[in-house]
Structures are given as C-alpha cells and as structure tokens.
Amino acid sequence: MDEIIKIENSAIEAIEAEQRAEYDIQIATAKRYPRNLKSVRDNCIAIATMNKETASSCRYTLPRGGKSLSGPSVHLARIIAQQYGNIRIDSKVKQITDKQIISEAVCFDLETNYACKVEVRKSIIGKNGRFNDDMITVTGNAANAIAFRNAVYNVVPKAIYESVYNSAVRMITGDLSSNDLLIKERKNIISYFINEYKVTEDQILNAMGLRSVNQIKAEQIADLNGMRQSLKDGDSTVEEMFHLTDEKKAEENVKQKKSEMKEKKGAPEQRNLEMP
C-alpha cells in the first residue's frame, strides 16, 4: 500500500512539475514579446466593425424590471482575447446540482502575472421541471460562455474593451439619420422577433418598458439587437426575456378566480335544491 501511494504521489508531482515548466515557458515568451496596447485596440476595432453582423454580436441586452441592461458580449471578449495575446483563459462546468449548473472560468495574464477566477450559476429548472440532459448541456455551454466573458473583462483593461465596444455600437444601428430609415429598421427588428420567437408586439414593448412603437428610436433598436444576441448566446430565454411565464401564471390566476366565482354563485342554488 505504501508503495502504491508513493507511485501515485510521484505521478502527481511529475504532472505538476510539467505544468509549472509549461507556465514558465509561456511567461518567459510573454516577457520577451510584450503586447502593444494601441495595436491591440486598433486590431480589435477593425475586426469588431468589419461588418454589421459582427458588430451586432459584440453587444448583449437583457430586459430587467422595465429597463435594459446591456454590455459587451462574449463574442467581443473572444475577439479581444485573441488580439490581446499572452493570455490564458479556461472555462468549464464545475458542478451540476439538482437546481443549478455552476461554471468556472480563469483568466491569466502572462505578462503581468495577474489572474482572475469567476463563477457563474444558471438554473436548470424550467416550467416542466428539471431540464433533460441535452438542455443541461446547452445551459452548461451558455454558463461557460458567460464565465469566459466575465473573466476576460476582469483582466483586460476597461479602456481597451470599452473603445472597441463603443465602435461596435456605433455601427450596429447604421444610418438612421432620417425618419424613413428609422421606421424601416424598427419594422425589420420587430418582425424578426415576431416571426422567429412567436412573441407579440405588446410583449416586446412590455419587455423594454415602452408604451408605443414610436418610442423605439436608435438606442432602442440597438437594445433589440442586443436582446436578439442574448437569446442566440443563451444568456436568456424567450420566457425570461418577454415574461411569458408570468403572463401564463396571471392567465391561470384569472381563470381560477372566475371558476371560484361561478362556484360561489352556484352554491346557494344547490342548497335550495337540497332543502325539503
């Protein structure tokens, strides 16, 4: 037994020594070929604004309490990580519980020797109970992507990714200088949600905290593009984004109250029938 333990310890020590040597080589290479921050920023902007589709993927939007939370997406994080260089990022599912999937990501800047670890939790409980294996896998991939994004933005300087993000946002809406162009783009994005996700115009407006379609201006169009990206990336679901679950519960409550009222109205008549 002692011999087995010694062999196992030796194997672990060998793996750890190999990993340390690998890190030492990478750190030495990073020190020898340091990044140029201006080139990093310029290259990232060139890639992020290469076309409208790429620019749109760089922004996510999540409706919360009648307001929109938006920011740089995981796709922008990948562009920045590629161009930033001398950086290591690893994201993986750490644990799956009965109700949640927990993902962890680590981002390590080899030049500055600065590392950050983040954890993301996503629910695996839906309206029909616990997700099946395929949906758990999809949710795990989404959690990994969010953890990756958060880890990168905790290590890369804000001045870098904000410049790239702002350039992408300016390109997302395109030319909306005239009212005709604004109306056309507004119609296109609303039609996309109605056709792709089977939601109504009222549900879209409610999610954004708006009362009328005429309130959708350039900024709101950018938000709608970000909402579309969030659904594609798995940051949110259609039910969560457009409060479909809440609406269904409200409808069920109304039906239940109507049913109870009918029963109460019918109760006296029933008692009268039973009287001698």
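Which residues lie nearest the centre of the largest pocket? They are Phe-131, Met-135, Thr-237, Glu-239 and Glu-240, part of a lining of 30 residues. Keep in mind that this is a predicted model. Here's a quick tour of its two largest pockets, followed by a sheet and the helix that lies across it.

**The largest pocket**

- Start with the space itself: the largest pocket holds about 830 Å³.
- Several parts of the chain help to line this pocket, with at least two residues each from the strands β1 (59–64), β5 (114–123) and β6 (125–126).
- The helices α5 (133–155), α10 (238–241) and α11 (244–274) also chip in with at least two residues each.
- Top contributor is α5, which gives 6 residues to the lining.
- As for chemistry, the lining is a mix: 11 residues are nonpolar, 10 are polar and 9 are charged.

**The second largest pocket**

- Next comes a pocket with a volume of about 180 Å³.
- Its lining includes Lys-52, Glu-53, Thr-54, Ser-56 and Ser-57.
- Also on the list are Asn-225, Arg-228, Gln-229 and Lys-232.
- Two helices, α3 (52–57) and α9 (218–233), each supply at least two of the lining residues.
- Here α3 gives the most, with 5 residues.
- You won't find any nonpolar residues in this lining: 5 are polar and 4 are charged.

**The sheet**

- Now for the strands: 3 of them make an open sheet, in the order β3-β4-β5, with antiparallel pairing.
- At the edges sit β3 (87–96) and β5, each of which pairs on one side only.
- On average, neighbouring strands in this sheet are turned by 15 degrees against each other, ignoring direction.
- In general, strands of a sheet pair through backbone hydrogen bonds, and they can do so in a parallel or an antiparallel way.
- Between β4 (residues 100–109) and β5, which run antiparallel, there are 10 bridges.
- For one example you can look up, take Ile-102, whose bridge partner in β5 is Arg-121.

**Where the helix and the sheet come together**

- Helix α5 lies across β3, β4 and β5.
- Relative to β5, the helix α5 runs at about 150 degrees.
- Both α5 and β5 turn up again in the lining of the largest pocket, each with at least two residues.
- So which element gives the most to that lining? That's α5, with its 6 residues.

Key. Residues are numbered from 1 along each chain as its sequence is written. This is a predicted model: local features need pLDDT of at least 70, side-chain atom pairs count only at pLDDT 80 or more; totals for chains, interfaces and linings use all residues. Side-chain values use heavy atoms; hydrogens and water are left out. On a 1 Å grid over the protein atoms alone, a cavity is a set of points where a 1.4 Å probe fits but cannot get out, and a pocket is an open set with protein on both sides within 12 Å along at least five of seven lines; lining residues have an atom within 4 Å of a point. Grid points are joined across faces, edges and corners, and a volume is the space filled by probe spheres set on the points. Helices (H or I, at least four residues) and strands (E, at least two) are DSSP runs, numbered from the N terminus. Ala, Val, Leu, Ile, Met, Phe, Trp, Tyr, Cys and Pro count as nonpolar, Asp, Glu, Lys and Arg as charged, and the others, Gly among them, as polar. Two strands pair if DSSP finds at least two bridges between them. Axes are lines fitted to C-alpha atoms, for helices over the stretch in contact, and angles run from 0 to 180 degrees between N-to-C directions. Contact means heavy atoms within 4.5 Å.
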